[in-house]
Every structure is written in structure tokens, then in C-alpha cells.
Amino acid sequence: MAVGTHGESFMETDPPSPPGSAPHGGTGLGLEGLAQVAGKIREAVESVIEGKSAVVRLALTVLLAEGHLLIEDVPGVGKTMLAKSLARSIDCSVRRVQFTPDLLPSDITGVSAYNQEQREFEFKPGPVFANIVVGDEINRASPKTQSALLECMEERQVTVDGTTYALDRPFMVIATQNPVEMEGTYPLPEAQRDRFTARISMGYPDPAAELEMLDAHGRSSPLDRLGPVAHDADVRELIEVVRHQHVAPAVRQYAIDLVTATRGHPELRLGASPRATLHLVRAARAYAALDERDYVLPDDLQDLAVPVLAHRLLPTAEAQVERRRPEHVVAELVARLPVPSLRQ
Amino acid sequence: MTIVAGLATLAGSAGLYPLFSGGGWFVHALGAVVAVMAGGMLVRRFRVPAVFSAFGGVAALHLYLTAVHVPGAAWLGVIPTPSSERALADLIGDGWQAANQYAAPVPLVPGISLLAAAGVGLVAVLVDLLAVRLRRAAPAGLPLLAMYSVPAAVREDDVSWLAFGLGALGFLALLMSDSREQVGGWGRAVFTPRWSEEVPMAGAGAPQDGPARGERPDSSALAASGRRIGAAAVAVAVLLPAAVPGIHPRGLFGMGGGGEGDGGLRTVTTPDPLVSLKRELARQDDSVVLTYRSDDPAGPDYLRLYALDRFDGDRWTYNALQSSEEDRLAGRTLPAAPGLGAAPSHVVKTRVQVRPEVKRMTFLPVPYAPARVSIKGDWRVHPASLMVYSLRDSAGGRSFTVESIRAQPSGAELAAASSAPSDILDQYASVPGNVPPQVKALAREVTSGATTGYGQAVRLQRWFTEKGGFRYDLAAQPPQHGGELADFLLHNRRGYCEQFAAGMAVMARVLGIPSRVAMGYTPGEQNRAGEWTVRSRDAHAWPELYFEGAGWVRFEPTPAGPAGQGTAVAPAYSEPSSDAPGREAGQENAPKPGSPSSEPEPGTPGSGPRHNQDLGPADGPAAEPVITDDDGGGGFPMAWLGAALLVALMLLSVPLVVRLLSRRRHWAAVAPRGKKPRRDAPPRRRGPSPGIGRDPDPADAAHAAWGEMRADALDHGLDWRASDSPRAVARRLGELLELDDPGSGALGRIAHAEELARYSRSQQAVPPESLKADVRTVREAFAASVGRGTRLRARLLPPSTVDLTFSVLRGAGGRTLEAANRLDDLAGRLGRRVRRKDRGHPE
């Protein structure tokens with residue numbers, strides 16, 4: 001069972017309560033403003049998740065890249081905690097869905113119920129109608145239900161009974177899942193995995209961080225103390241800033257090279273999709289922005305290659321037998337591909 | 001497979017061409033190979049053990065040889081009978097003898113062509129057995145190589161690249177065909193056809209070549225790379241020796257010899273002079289070699305065949321002659337005799353009639369120095385030694401006229417001769433380093449008191465003929481090993497003209513007098529007025545010494561008269577003082593041949609062979625003894641060593657120079673432009689157009705600094721990964737080298753500038769000067785962090801130049817690969833067409 005599930009209902013709504021510390025807002029956030037806001041969010045999240053700054057940074061990157069995040073790890077390392085703390089530190093609507101095997105697609109997207117008073121069908125929006133949707137243990141649901149997320153994640157809209165409803169922005173799905181080898185799990189379909197910008201894994205905390213965690217969690221849950229530090233409007237602006245990050249042609253070419261290399265790799269049955277290229281460059285923009293850079297470096301792509309690409313790749317049977325995981329393949333590609341040196 | 005094996009054998013046998021004159025042998029070899037192949041195939045039909053399959057080939061070869069060479073004696077012209085076997089054996093004996101007699105290229109007498117066909121046929125049997133029957137294609141290269149190595153071992157010059165290439169390609173074809181069959185042995189390859197192009201539309205006719213394309217696995221890429229590797233290997237093998245200094249493929253792009261009539265230089269290969277002379281001398285009867293008439297008032301001079309100008313420590317030989325069209329006699333006046341100047345001389349006309357029985361006399365016996373020779377046929381002259389020779393004609397049975405200039409210097413003139421020019425000294429006065437010191441001391445001791453070269457020469461000759469206690473002895477045991485010339489000079493002092501001539505020539509060289517050994521005939525004896533007869537026993541060897549003004553003059557150290565070489569005559573100038581005793585100056589007084597002690601008894605079997613050696617300095621006793629190799633001695637090894645060192649230094653400094661130049665170019669490109677407009681400025685994407693007086697693109701400075709730093713890192717042996725971005729490089733190098741603050745700061749600045757230049761939107765102009773200073777700081781930091789050896793190498797032999805060269809070559813390589821691909825496509829298309837035509841062919 002995942003740590004940090006408060007309440008056993010499969011749906012939970014965090015009301016957008018205006019906390020005491022009103023987040024700093026305003027228009028015209030430049031790169032400096034972005035760094036400032038992002039720094040606050042990071043701080044807030046790291047007050048809950050100790051010693052995982054790289055993971056937090058990745059999560060933030062995905063948020064700014066308008067992507068969706070898949071957190072995969074064994075139970076109890078703080079997947080849900082990360083998802084919830086990130087969601088809470090932003091002043092926006094957050095919904096949490098606990099995926100179970102009997103969850104139905106309409107439980108996620110919403111249903112049209114017959115309103116007897118008005119004698120017509122009325123749409124009851126499901127939990128996806130929020131800025132941040134935390135899907136806990138997403139791979140415990142049946143593939144059919146998992147697929148219900150497909151349309152919302154890519155097109156940011158929901159179609160129920162022929163009517164299409166647009167979703168709010170920012171919209172981010174943070175899903176956690178247990179490793180596919182665990183019991184009672186359904187692996188995510190490739191199409192859905194491809195829609196997640198990045199997959200990260202938490203890893204165990206180091207002993208010092210764990211000790212600190214004991215102290216912090218001993219008294220009260222730090223999550224309860226966490227208030228929003230940024231408005232959803234801030235996040236929208238940050239996303240706008242990220243969109244205008246400069247990507248030099250050489251860097252774009254490098255991204256193409258990386259992705260192309262996965263497609264022809266002998267140990268991979270399925271290479272990365274063009275969507276993966278898009279996600280990679282988009283994430284690299286956000287990653288550079290978090291670094292207060294207005295241009296993307298090959299280093300950004302290198303750092304992001306494994307989280308952004310690895311979960312989309314399928315190893316061949318031989319590679320599986322040799323226990324070669326796609327992560328290894330991507331890391332090896334990164335170490336091998338020459339970095340573009342010319343500007344053209 | 002059988003056919004390919006046969007073709008490979010034939011291609012390999014192409015390397016034999018320098019051994020034979022004419023191409024007729026190839027027809028015989030072809031026949032033999034075909035016979036062997038047929039025999040092998042026939043035997044294989046019966047599925048007998050491998051050993052018998054070889055017998056089948058041998059038997060077929062035997063039948064073929066019988067049918068071609070002794071059809072008369074065989075039953076039905078093919079089946080061997082005892083008499084045909086005897087005839088065959090005789091023929092083989094003839095061929096064997098001929099092969100021993102001649103140096104390559106040998107004339108194509110029936111015995112030789114029989115031997116050639118048999119040899120090639122046997123190789124074909126082996127190749128067939130190994131490659132076809134035993135399925136070991138690779139070892140089948142060994143017999144091919146053996147065949148190829150025959151000419152390489154026999155001939156000093158190289159086998160032409162074309163023949164080598166043919167042989168190599170034949171072997172490659174054999175390997176390829178073998179692998180193809182092995183793959184084929186697994187049955188038809190299973191693969192997934194590309195249905196899109198194979199499925200015919202309903203109603204449309206089936207595509208012509210659809211099934212053919214569908215049957216074959218898609219191994220074209222593999223095959224293409226295989227072909228490429230093979231072709232490249234052969235090309236490298238052919239071309240590399242040309243590029244390596246010290247190996248001179250003389251035959252490159254010109255057949256190495258034996259070919260006819262092309263204008264290029266060729267190495268003359270004749271029957272070994274000594275061997276052919278031996279043969280003539282070995283005749284039991286003292287046969288007449290030639291007769292001549294001479295109008296020389298002073299009596300005829302010696303008739304010279306060869307001038308042996310090279311003493312290699314064991315023997316006197318002549319350097320391989322380089323023959324070309326310009327050397328043809330063609331009725332012209334021959335080159336002037338070297339060194340002949342002020343000394344009195346007169347023209348002598350000699351008409352020589354060589355007996356028809358004389359075989360293979362490919363060098364003309366002419367009095368020195370020939371000025372004009374009239375003879376039919378393709379005769380040529382060697383300009384330096386004035387030897388007259390032919391590549392294909394023999395003088396036997398011919399008559400010819402020689403106009404020669406005979407120098408008759410006086411002793412005083414020779415004594416007054418100035419020193420010889422340096423090229424003559426270099427070539428003719430060098431002594432191998434291993435001449436025993438006793439011989440050198442002896443030479444000085446014998447000639448002590450003489451002040452001039454001429455005086456020394458006279459004393460030497462007198463020492464040999466009178467004072468030294470030498471005995472002319474044809475019965476002496478022929479020397480067997482080196483050092484015996486020294487023995488002859490120092491101890492036993494018994495020998496023939498050859499030892500005398502070689503000994504005097506060597507001692508003259510020790511004394512610094514240019515010398516060589518001449519071979520030919522003494523004047524012989526006069527039987528009627530004006531008509532001279534030269535017999536085989538008149539064969540002789542004598543030294544020629546060089547004196548400026550008179551040229552090459554003859555000396556005669558061999559004792560003449562009854563107790564020596566019967567018809568030998570010492571020239572007048574060699575005996576200036578009153579003591580010209582028994583040896584007369586005029587040939588008229590030459591002792592009659594046949595004097596009991598002077599001549600080898602013609603009839604006795606033992607005398608013949610010994611006399612042979614008398615004439616063969618090259619393999620005879622005289623030369624073998626003392627010394628080895630005169631190329632190593634003398635003064636010029638030092639010069640060579642110096643030159644080689646210089647060249648080596650220059651080669652070694654190439655990387656350094658390249659590095660300095662590239663560094664200069666890097667920075668020159670970013671230096672702020674002055675008055676001079678740069679026309680060749682590379683076009684830039686974003687920077688200002690290469691106009692006059694505009695500052696260069698700031699990115700260029702960063703790139704230059706980065707490139708410089710990269711080169712420095714490579715020079716210092718630091719790992720540079722292509723997958724590292726600038727900041728990754730800076731981080732890694734900083735950690736690796738534990739750079740101090742200034743170093744890592746400079747490194748970081750360079751990396752940052754490069755990063756901005758490469759990837760950022762904005763242009764931040766970093767002054768090139770500061771970058772240059774940073775690069776210098778980083779270089780010093782690099783140098784401080786590596787060992788001394790690496791540091792020195794970075795200075796003197798910067799490895800980064802290799803990288804630079806590669807990057808230049810890579811462009812060329814890419815283009816070449818493209819061209820190769822296109823060629824390959826073409827070949828593949830042609831091959832497919834051919835295969836389509838002869839589909840169903842058994843092998």
C-alpha cells in the first residue's frame with residue numbers, strides 16, 4: 001500500500017483553500033521570476049520529501065513543460081507524497097484518484113446523469129476536471145480504465161456522450177505506479193506510457209534524510225503544514241516563459257539524433273516516438289529555465305534522456321533475457337552520441 | 001568450384017611470366033589445368049577417397065602431357081607406352097638441363113614448356129584437391145603462393161603488380177566461391193520477402209525477375225562489404241610498397257622484364273654470364289669460339305664480354321643493367337669511353353665472326369673501347385661499361401664489325417693522371433668493411449715506395465707475376481667459401497686468372513684506385529696473316545684500372561707464357577721499367593697455346609671444370625674469399641646516415657609544424673581585421689558578412705579557443721569524448737586534473753564562451769585576447785598535471801595532428817565510399833544480369 005494516502009476513498013478533493021501565506025503573483029514573470037517561483041515550489045516540496053532534489057526538479061520540469069509525470073517505484077518511498085506535495089504547493093484545483101481494479105472509465109471522466117427535474121442529461125465532471133490530477137497506483141486499474149486518461153492527457157479535453165469538454169490549464173497528471181513485476185498490476189499500455197513526459201523513480205532516501213524524515217513525521221505530517229506557494233496563473237505564465245526558450249538548431253539535431261538512435265538500436269523492439277522528441281525538447285526547455293538559462297544545452301537533453309525516453313522503449317526478448325533495461329540503452333546512447341559542435 | 005579453382009591456378013601462374021621468354025607456355029599451362037580439372041571432376045563422380053582424387057588429376061595431367069609432347073611414341077597418341085615414357089623423361093631431362101643453363105627468362109624449348117605445364121598442372125592438382133575435394137580453400141593458397149614465389153626467388157626484380165593482383169584476385173575468388181558453396185550447403189535461405197514489390201497485381205503479368213529476387217536472401221550489404229574489403233586489401237598490397245621509402249617496386253606500371261619493345265627501363269636478365277661461359281669452357285674439345293681480323297698495328301687487344309663492376313664481398317658481379325630503347329646500337333656512335341682524354345689512342349677496326357656452334361652468347365666480345373658496332377638484331381650498349389648485349393639475340397653464327405678506340409698511354413702519362421672523379425671513386429673504389437686488415441696491409445706493403453696510383457698498380461702487377469711467388473695452377477682446389485681470396489693472396493698463392501684478376505682488383509680498390517674485373521677472351525692465336533682464332537681455353541679474366549685521361553686500362557696480373565695463361569699478354573704501359581722479361585708487349589709474341597704447363601689439357605676431364613671457375617669470378621673461387629659487400633664500406637654510409645637522420649627528423653617534425661600552423665590559423669581567423677580585407681573568410685550564418693574592416697563573429701573566437709583547447713587536451717593525452725558538451729568537458733577535466741583556481745576558472749570561461757557560441761541566442765563578444773590567455777593558462781595547467789614524457793610528446797609530436805589529419809581524410813573517405821558504393825551497385829547489376837543468363841549452370 002502506498003504511503004501517504006490519507007483517507008481511503010478513491011477520490012479526494014483538496015479544496016483550493018487560500019492559505020495564510022498568499023503566494024506571490026503578478027504578470028510579466030521573466031526568467032528570474034520563473035526561477036524565483038520555481039525555487040519556492042521546490043523548497044515547499046522538499047520540505048516534505050527530503051534529500052530528493054533531483055527528483056523534485058524533474059517533477060517541476062514536467063510541470064513547466066506541460067507534461068505528465070509517472071512516478072514508479074516500490075511502495076513506501078514517497079511517490080504519493082511527492083505527487084501530493086507538488087499539487088498542494090500550487091494554488092490550484094487538485095484531484096486524487098486511487099486506481100483499483102474495479103475502477104471504471106466513467107469514474108475518471110465523469111458521467112451524464114439524468115436530471116429528473118430538468119428532464120435532460122446532465123454531465124457530472126469526473127476527477128480529471130482539475131489542474132493537477134494525482135492518479136495513485138495507476139497500474140492497478142484495468143487497461144480499459146487506464147485508457148480513459150488517454151484523451152485527457154494528450155488533448156486536454158474529455159469527450160463524454162459525444163460532447164467534448166475542455167480541461168483547465170495547467171493540466172497535469174501525476175501518476176504513481178508500482179513496478180510491473182508486483183502482484184496485481186496491469187502494465188500500462190504503450191500508448192499511455194508514451195503520453196507521460198517523464199517517468200521518474202524515487203529511490204530510497206539516504207540514511208541521514210531518512211533520520212530527518214523520522215523526526216519530521218514523528219510530530220505531524222509535514223504535508224499538512226504545506227500551503228500553496230504559487231498561483232495557477234503563475235504556473236501558466238511560467239509555462240509561457242518556458243515556451244520561448246531558445247533551442248539552437250544543433251541542439252534540436254542532437255535531440256533528433258538521440259531519438260533516431262533508439263529506433264535503430266538492436267536491443268530495442270520499439271524506439272522512441274516523435275512525441276517523445278517533442279516531449280524531450282519541451283522538457284529540456286523547462287529544465288534549462290529552472291537553471292536560469294534562456295537557451296537549451298545538450299547537457300539538458302542528456303540529463304533528461306533517461307527519464308523522458310526510457311519508459312517508452314521496449315527491449316527485445318534477447319535484451320530482456322540479458323537483463324538489459326531500456327535505461328541502460330539510453331544511457332549508453334547518451335555516452336556514445338557525439339555532441340553537436342557546430343551551430344548549423 | 002572446380003572451375004574457380006582452375007581459374008585461380010591460372011591467375012596465380014600469371015606470376016610466372018618473367019621466367020619465360022614468350023607467352024607460349026601459358027597455353028600449355030592452360031591445357032594442363034583444364035586436363036587436371038577434367039580428371040578431378042571425373043574421379044569425383046566415383047566418390048573415391050580424397051587421395052585417389054589427386055591421382056585422378058595427376059593421371060589426367062600425364063595423359064595431357066603425353067598427348068601434347070610425345071604423341072608419336074604414344075599409343076593412339078594419348079595412352080602412354082614405355083617408349084613415350086622414355087621420350088617424356090628425355091624431354092624432362094632436356095628441360096631440366098635448359099633450366100639450369102639459363103637464367104630467366106628462359107627460351108621456350110619443348111622441355112621447358114613441358115616442365116612449365118607439369119609444374120602448373122601439379123599446382124592445379126593440389127589446389128583442386130585442397131579446395132574442391134577437401135573443402136579447405138584457404139590452405140589452397142599455399143601452392144598458389146609457392147608458384148608465385150618461384151619468380152620472386154629466381155628473379156631479382158619484382159614481379160609486376162598486375163600479375164600479383166591477378167593471382168591475389170584469383171585466390172580471393174576461390175575463397176569467395178568456397179564460402180558461397182558452404183552457405184549454399186544449408187539449403188535455400190529463408191527470409192521474409194518484401195511482399196510489396198513481389199506480389200503481382202491481379203491480372204497483370206508476373207514480373208520478369210520477381211521470383212529471382214524473391215529467392216535470394218538479402219545479403220547484398222554483406223557481400224558488398226566483403227568485395228570492398230577484398231579489393232581494398234589487394235589495392236593496399238599493390239600500392240603500399242610504392243609509398244614506403246626504401247622499397248622500390250621497379251615493376252610498378254611497367255612489366256618488370258621479359259616484355260617486348262616498350263620504352264621504359266628494364267632490367268636486363270641474361271643467362272648468367274659465368275654460367276654460360278662455364279658451359280662453353282666445359283666443352284671437352286678445345287673448340288673454336290670465334291675468328292676475327294684486326295687492323296690494329298699494335299696487335300689485337302683482349303676481347304671483352306663483361307665488366308664486373310661490383311664487389312659484394314664474395315664475388316665480383318655487375319650491377320643489374322637497366323636497359324631501355326635509347327641503348328640500342330642502331331648504327332650510331334656509342335657513348336665515349338669514360339675517362340679517355342689526353343692519352344694517345346687510335347681507332348681499330350675488327351671484324352669478328354662468331355662460330356655458329358656458339359650458343360647463347362648474348363654479350364658481344366669486343367675490344368675495349370667500342371665506338372661503333374655493326375651487327376644485325378636488337379643489340380644494346382650499357383653506357384657506363386660499354387658492354388654490348390642483347391635481350392633476345394645470340395651472337396652465335398653472326399659476324400659483326402667493331403670500331404674501337406684503343407688507348408695506348410705511356411707510363412708517364414698514367415703516372416701523371418689526376419685523381420678520378422668522385423662518382424667513379426664512389427662506384428669503383430669502395431671496399432667492403434670486412435676485407436681482412438692483412439690484405440689491406442699487404443696491399444700497402446707490396447706497393448710501398450710508389451707515389452702514384454700508376455706506380456702502385458705496376459708494383460701490384462709485378463708482385464703478382466714475379467715477386468709474390470704466385471703459381472698459376474689450374475689443378476688447385478676451387479675455393480669453397482669466403483675468405484679464400486685472402487688465403488690466395490696471403491698464403492697459398494696458387495690459382496687461376498680469376499683469382500689473380502680479382503685479387504689485383506681488390507687490392508687496387510684498397511689502395512684507392514678504381515678497378516673492376518673484365519671477362520672475355522685473350523687475343524687467341526694467329527693462324528694466317530691477319531686472321532686470329534679464339535678458342536674456349538682463351539677465356540680469361542683480368543683487372544681494369546681507371547686512370548683519369550686514359551680511362552679504363554687493362555692490367556695483367558696472371559702469369560703468362562708456359563707457366564701461366566698461355567695467351568695472356570701484359571700491356572706495354574704496365575711494364576715500364578726494363579724488366580719486361582718473358583711477357584712481351586706485342587701479341588704477336590704471345591706464346592702458342594698448348595704449351596704443356598700453361599693450358600688445361602683439353603682432353604682431361606678435370607681441367608675443364610676448373611678452368612670454368614677460372615672465368616667465373618662471380619661464382620668462382622677468386623671473388624668469394626675475401627670480402628663482403630662493398631656497398632657498406634667507404635665514406636658514404638655516413639652521408640647516408642646523415643641524410644636518413646635528416647629525413648627522419650623532418651618527418652618527425654611534421655606533426656609539430658602542422659600543429660603550429662593550425663594554431664596560427666585558429667587565431668588568425670579571429671584576430672580583429674586590420675586594413676587587409678580577407679577574401680577567403682568563410683561565410684557565416686549569423687555574423688557580419690565578411691566585409692572590410694568588420695570585426696569577426698564573436699563565436700569564432702570562442703570556437704577557436706575551444707578548438708585550441710581540445711587540441712591541447714589531445715596533445716597531453718587527455719581523454720576527449722565526443723559525447724561531452726562543453727560544460728561536461730570542463731567539469732570532467734577539472735575533476736580529473738584537480739585544476740587549481742586559475743586553471744579551472746580559465747577552463748570554465750572557455751567552456752562557457754563555447755557554449756554560448758554554440759547554443760545560445762545572444763552573442764556575447766568575448767575578446768579573443770582574453771580567451772587566448774585563458775587557453776594558455778589551461779595549456780600550462782594541462783602540462784603541469786601530466787608526466788614529463790607526455791609533456792615532451794605534446795610539445796614535439798602533438799597527437800592532435802593525427803586527429804586533424806583524420807578529419808581532413810574523413811571528408812575524402814566519405815566521397816570515396818560513395819564512389820565505391822556506386823561502383824558496387826553497377827557491379828551488382830551486371831552480376832545479376834549475368835547470373836540470370838546462366839542460371840542452371842552446374843557450378
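This is a short dialogue on reading strands, helix packing and burial in a predicted model of two chains, A and B.

Visitor: Where do I start with the two chains? How many helices and strands does chain A have?

Guide: Chain A has 14 helices and 14 strands. Its length is 344 residues, and 56% of them are buried.

Visitor: And how many helices and strands are in chain B?

Guide: Chain B comes to 25 helices and 19 strands. It has 843 residues, of which 46% count as buried.

Visitor: What share of the contacts joins residues at least 24 apart in each chain?

Guide: Take contacts between residues at least 6 apart in sequence. In chain A, 80% of these join residues at least 24 apart. In chain B the share is 75%.

Visitor: Now a single strand. How do I read its two faces?

Guide: In a regular strand the side chains alternate between the two faces of the sheet. Try S7 of chain A, residues 132-136. A:Ile132, A:Val134 and A:Asp136 point one way. A:Val133 and A:Gly135 point the other way.

Visitor: Are the residues of S7(A) buried or exposed?

Guide: Five of its five residues are buried, so the strand is mostly covered. That holds on both sides, and it includes A:Asp136.

Visitor: Which strands are joined to S7(A) by bridges?

Guide: S4 of chain A, residues 94-98, is joined to S7(A) by five bridges. S10 of chain A, residues 172-177, is joined to it by four. S4(A) runs parallel to S7(A), and S10(A) does too.

Visitor: Which residues help me find the register?

Guide: For S4(A), look at A:Arg95, which stands opposite A:Val133. For S10(A), look at A:Met172, which faces A:Ile132 across the pairing.

Visitor: Let's turn to helices. How is a packed pair described?

Guide: Two packed helices are described by the angle between their axes and the distance between the axes. In chain A, take H1, residues 31-48, and H9, residues 232-243. Their axes are 10 Å apart, at an angle of about 130°.

Visitor: Why are H1(A) and H9(A) called oblique?

Guide: Roughly antiparallel would need an angle over 145 degrees, and roughly perpendicular covers 65 to 115. The pair lies at about 130°, and H1(A) and H9(A) are therefore oblique to each other. Their crossing is left-handed.

Visitor: Which residues make that contact?

Guide: H1(A) brings A:Leu31, A:Leu34 and A:Val37. H9(A) brings A:Leu238, A:Val241 and A:Val242. That is six nonpolar residues, with no polar and no charged ones.

Visitor: Give me a pair in chain B. At what angle do H14(B) and H16(B) cross?

Guide: H14 spans residues 437-446 and H16 spans residues 484-492. They cross at roughly 50°, and their axes come within 10 Å. That angle makes H14(B) oblique to H16(B). This crossing is left-handed.

Visitor: Which residues meet there, and how do they divide by type?

Guide: On H14(B) they are B:Gln438, B:Val439 and B:Leu442. On H16(B) they are B:Ala486, B:Leu489 and B:Leu490. Five are nonpolar, one is polar and none is charged.

Visitor: How do I read a whole sheet? What is the strand order of the five-stranded one in chain B?

Guide: Read across it: S8-S3-S15-S18-S19. The sheet is open and its pairing is antiparallel. S8 (366-367) and S19 (551-554) are the edge strands, each pairing on one side only.

Visitor: Which pair inside it should I inspect?

Guide: Try S15, residues 515-521, with S18, residues 539-547. Seven bridges link them in the antiparallel sense. B:Arg516 stands opposite B:Glu544 in S18(B). Helix H17, residues 497-510, packs on this sheet and touches S15 and S18 of chain B. Its direction makes about 15° with that of S18(B).

Visitor: Last, single residues. Is B:Thr291 buried or exposed?

Guide: B:Thr291 sits in strand S2 of chain B, residues 288-294. Its relative accessibility is 8%, so it counts as buried. Leaving out residues up to four places away in sequence, it touches B:Arg351, B:Val352, B:Gln353, B:Arg355, B:Glu531, B:Trp532 and B:Thr533.

Visitor: What about B:Arg133?

Guide: B:Arg133 belongs to helix H5 of chain B, residues 110-133. It counts as partly exposed because its relative accessibility is 27%. Its C-alpha atom is 7.6 Å from that of B:Ser53, 80 residues away along the chain.

Conventions
Residues are numbered from 1 along each chain as its sequence is written. Chains are lettered from A and ligands numbered from 1 in the order in which they are written. This is a predicted model: local features need pLDDT of at least 70, side-chain atom pairs count only at pLDDT 80 or more; totals for chains, interfaces and linings use all residues. Side-chain values use heavy atoms; hydrogens and water are left out. Buried means under 20% relative accessible area, exposed over 50%, partly exposed in between (1.4 Å probe, protein chains only). Two strands pair if DSSP finds at least two bridges between them. Axes are lines fitted to C-alpha atoms, for helices over the stretch in contact, and angles run from 0 to 180 degrees between N-to-C directions. Angles under 35 degrees count as roughly parallel, over 145 as roughly antiparallel, 65 to 115 as roughly perpendicular and the rest as oblique. A crossing is left-handed if the near helix is turned anticlockwise from the far one by less than a right angle, and right-handed if clockwise. Contact means heavy atoms within 4.5 Å. Ala, Val, Leu, Ile, Met, Phe, Trp, Tyr, Cys and Pro count as nonpolar, Asp, Glu, Lys and Arg as charged, and the others, Gly among them, as polar.
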